[in-house]
Amino acid sequence: MNPLLNLGHFPAFSSIRAEHVAPAISALLESGRGTLLGVAQPTVAASWEKVVAPLQNAHRTLSRAWSCVGHLNAVMNSPEIRAAYQEQLPKITAYFTEVAQNEALYTKYKAIRSGDAYDSLTAAQKKLLDNELRDFVLGGAELNGEARTRFAEIAQLRSTLSAKFSDNVLDAMNAWSTNVDSTRVAGIPEDVLSAGLEKAQTKDQSGYTFTLHMPSYLPVMQYAQDRALRETMYRAFSTRASDQFEPANPSWDNAPLMAQILLLRSEEARLLGYANFAEISLVPKMAETPAEVIRFLRDLAARAKPFANNDMRELRAFGKAELGIETLEAWDIGYVSERLRQKQYAYSDLELQQYFPEEKVLSGLYRVIESLYEVKIVESKADTWHPTVRFFTLKNRTGAEIGHFYLDLYARENKQGGAWADSINNRAKLEDGVHTPLVFLTCNLPAPVNGKPALFTHNDVITIFHEFGHGLHVLLSQVEQHGISGWDGVEWDAVELPSQFMENYCYEWDVLQHMTAHVESGLSLPRNLYEKVIAAKNFQSGMQTMRQLEFGLFDMRVHSEFVADGETVLQRLLNLVGEVRIEVAVVSYPAFNRMPMSFSHIFSGGYAAGYYSY
């Protein structure tokens, strides 16, 4: 039996194979089209029960199966899964475009909205109906003839190009490594060296092998005394999926894809009557116009830049006086910052990391959640996609199950970088009862090495709390309407609020006392070290703020101003990011830096003209 057609509440992930994807998705698309054809018939009354509910149920079934495929493509990427995903992606896109452009269905939704029965709908049903009507328009329902056909073509092309963008970043990251001998690893933490030694052995190499995966890359940039090694790592990381990346592979160069994606987004905007894609992006958000967002970002930049300049002056002076670095380069920032922090606050990230073994961090996190929300988190069993993935159940005060989540913490090859939350179920009340949420929480943190527990940095802990904020948004939702519960019911520029809220607990003394245990002594974080952490909380916050503003401003400008005007698109993008950096950045970037080519948030994620929400 095809596991994608018999998901149950908990999918049998270990049984899902690439060959299951095409027949399952084809069957579900056929079923969806049958439902669409049925509810759009003139003889079917325009009502919630006859039109909206059946279509929502069909789409929920399709979306659950497709979520499993998409998740496996992200966390267990293989040539077979990738091919199966890429084969079905245009078909999924085509189907939902058909739905959005179905005139009869659009007419029925408008009739429900204006009908006498509208007032009897629940608040969640009304919200869903309003969202659906908005999305009909954004999906091309009011276009005709060639414009409608072209809009559908654009939707398919965009989805395919965005998926390829992510694949290129992953492939470039997986393809690169550097091997060094013991003379070049001074300063690098022991656990990172152990992982590097293990990695070298898997490649039949001597010495230590470092990669661009975060648990390898970040500690090298932060602690390696070998400046040339830091430069090598930085160059590779900042040129991923670009013309500057080595080993050179033109098929991984994202510049042509970005050009097509931006041109298609611009064309889509014009077809819908908008001046640019940024205007479309803001329709379902709280911000009104691209100009409003840009003013907001520039106002923040004007307020933060003096502090960032002070941070940079201090860093340069320290690097020159204490470390002999005459000219501070981009690959020196992490290393010099860590040394400066150690001098100013008398502790290092490495020292702090010894207090954050994985199990203690998770138990401390769960204590916070259980205390705040009067729930209980219990480790449970479920089929997973990898042996290191764990599964938990969330219960309320009476012991009833209110949600479940998978926890996939460790970095590995063939897993997309970064950290994110996603779901296969949001809370929904269906004919057979209330279906509880089922959430994916994904990070790329260091795994245990040599039988020792995984140790997390304080930033890693913040990342875990951040993603749990997203997860709790879904898990604790009491809305029972599919398409509205959890984060589906809020504007996208509000979606980061729960995650940012949860981060604050990582600086609370009561929380850290219960979330820390030294890996050797078992003692919790001492008060004097905690005071140092608090004192350093805003260390280089000016620089960090400007870095985020750089991303946000580039994103909004590229989607509101981009024009192919005779220059190559690559050069236009580099010129634009250069303009943004002149305006807001305090770090000097090398000419080979190709940040936009791996900016997955806006070219293959959901943050296009929306990164400002961070």
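Arg527 and Glu531 join their side chains in a salt bridge, with N and O 2.8 Å apart. Both residues belong to helix H19 (residues 527–535), and because they are 4 residues apart there, about one helical turn separates them. This is a predicted model, so read the contacts below with that in mind. Arg527 also has an aromatic neighbour: it lies over the face of Trp509, 4.7 Å from the ring centre.

**Around Arg527 and Glu531**

- Arg527 has a relative accessible area of 41%, so it counts as partly exposed.
- Its salt-bridge partner Glu531 comes out at 37% relative accessibility, which also puts Glu531 in the partly exposed class.

**Salt bridges elsewhere**

- Glu358, Glu359, Glu379 and Arg390 are joined into one network by salt bridges that share partners.
- The count for the model comes to 33 salt bridges.
- One of them pairs Arg33 with Glu98, whose closest N and O atoms are 2.7 Å apart.
- Arg33 sits in helix H1 and Glu98 in helix H3 (residues 79–100), so this bridge ties together parts that are 65 residues apart in sequence.
- Arg33 is partly exposed, at 32% relative accessible area, and Glu98 is partly exposed too, at 34%.
- Another bridge runs between Arg427 and Glu480, with 3.2 Å between the closest N and O atoms.
- Here both ends are in loops: Arg427 is between strand E6 (420–425) and strand E7 (428–430), while Glu480 is between helix H16 (458–475) and H17, so the pair links parts 53 residues apart in sequence.
- Arg427 is buried, with a relative accessible area of 16%, whereas Glu480 is partly exposed at 29%.

**Aromatic pairs**

- The model's count of aromatic pairs comes to 33.
- Take Phe10 and Phe391: their ring centres are 5.3 Å apart and their planes stand at 80°, so this pair is edge-to-face; the cut-off for that label is over 60 degrees.
- Phe10 lies in the segment before helix H1 (18–39) and Phe391 in strand E4 (residues 390–395), so the pair ties together parts that are 381 residues apart in sequence.
- The two rings fall into separate accessibility classes: Phe10 is partly exposed at 34% relative accessibility, but Phe391 is buried at 3%.
- Phe551 and Phe599 also have ring centres 5.3 Å apart, but with planes at 50° the pair is tilted.
- Phe551 belongs to helix H20 (residues 541–561), and Phe599 to the loop between helix H21 (569–584) and helix H22 (600–603), so this contact ties together parts 48 residues apart in sequence.
- Both of these rings count as buried, Phe551 at 13% relative accessibility and Phe599 at 6%.
- Phe551 and Phe599 are also members of a cluster linked by ring pairs, along with Trp492, Phe554, Tyr607, Tyr611 and Tyr614.

**A second charge over a ring**

- Arg581 places its charged end over the ring of Tyr589, at 3.7 Å from the ring's centre.

**Strands E1 and E2**

- Side chains alternate along strand E1 (residues 177–180): Thr178 and Val180 point to one face and are buried.
- Ser177 and Asn179 point to the other face of E1 and are not buried.
- E1 runs antiparallel to strand E2 (residues 208–211), and 4 bridges join the two.
- Within this pairing, Ser177 stands opposite Thr211 in E2.

**A nonpolar patch on the surface**

- Leu372, Tyr373 and Phe501 make a nonpolar surface patch of about 250 Å².
- Of these, Phe501 is in helix H17 (residues 497–503) and counts as partly exposed, at 38% relative accessibility.

Methods. Residues are numbered from 1 along each chain as its sequence is written. This is a predicted model: local features need pLDDT of at least 70, side-chain atom pairs count only at pLDDT 80 or more; totals for chains, interfaces and linings use all residues. Side-chain values use heavy atoms; hydrogens and water are left out. Patches are made of residues with over 30% relative accessible area and no salt bridge: like charges are joined within 9 Å, nonpolar side chains (Val, Leu, Ile, Met, Phe, Trp, Tyr) within 5 Å. Accessible areas come from the Shrake-Rupley method with a 1.4 Å probe; for residues, only the protein chains shown count as cover. A salt bridge is a side-chain nitrogen of Lys or Arg within 4 Å of a carboxyl oxygen of Asp or Glu. Buried means under 20% relative accessible area, exposed over 50%, partly exposed in between (1.4 Å probe, protein chains only). Rings of Phe, Tyr and Trp (its six-membered ring) pair if their centres lie within 6.5 Å; planes under 30 degrees apart count as stacked, over 60 as edge-to-face and the rest as tilted. A charge sits over a ring if NZ of Lys or CZ of Arg is within 6 Å of the ring centre and within 35 degrees of the ring normal. Two strands pair if DSSP finds at least two bridges between them.
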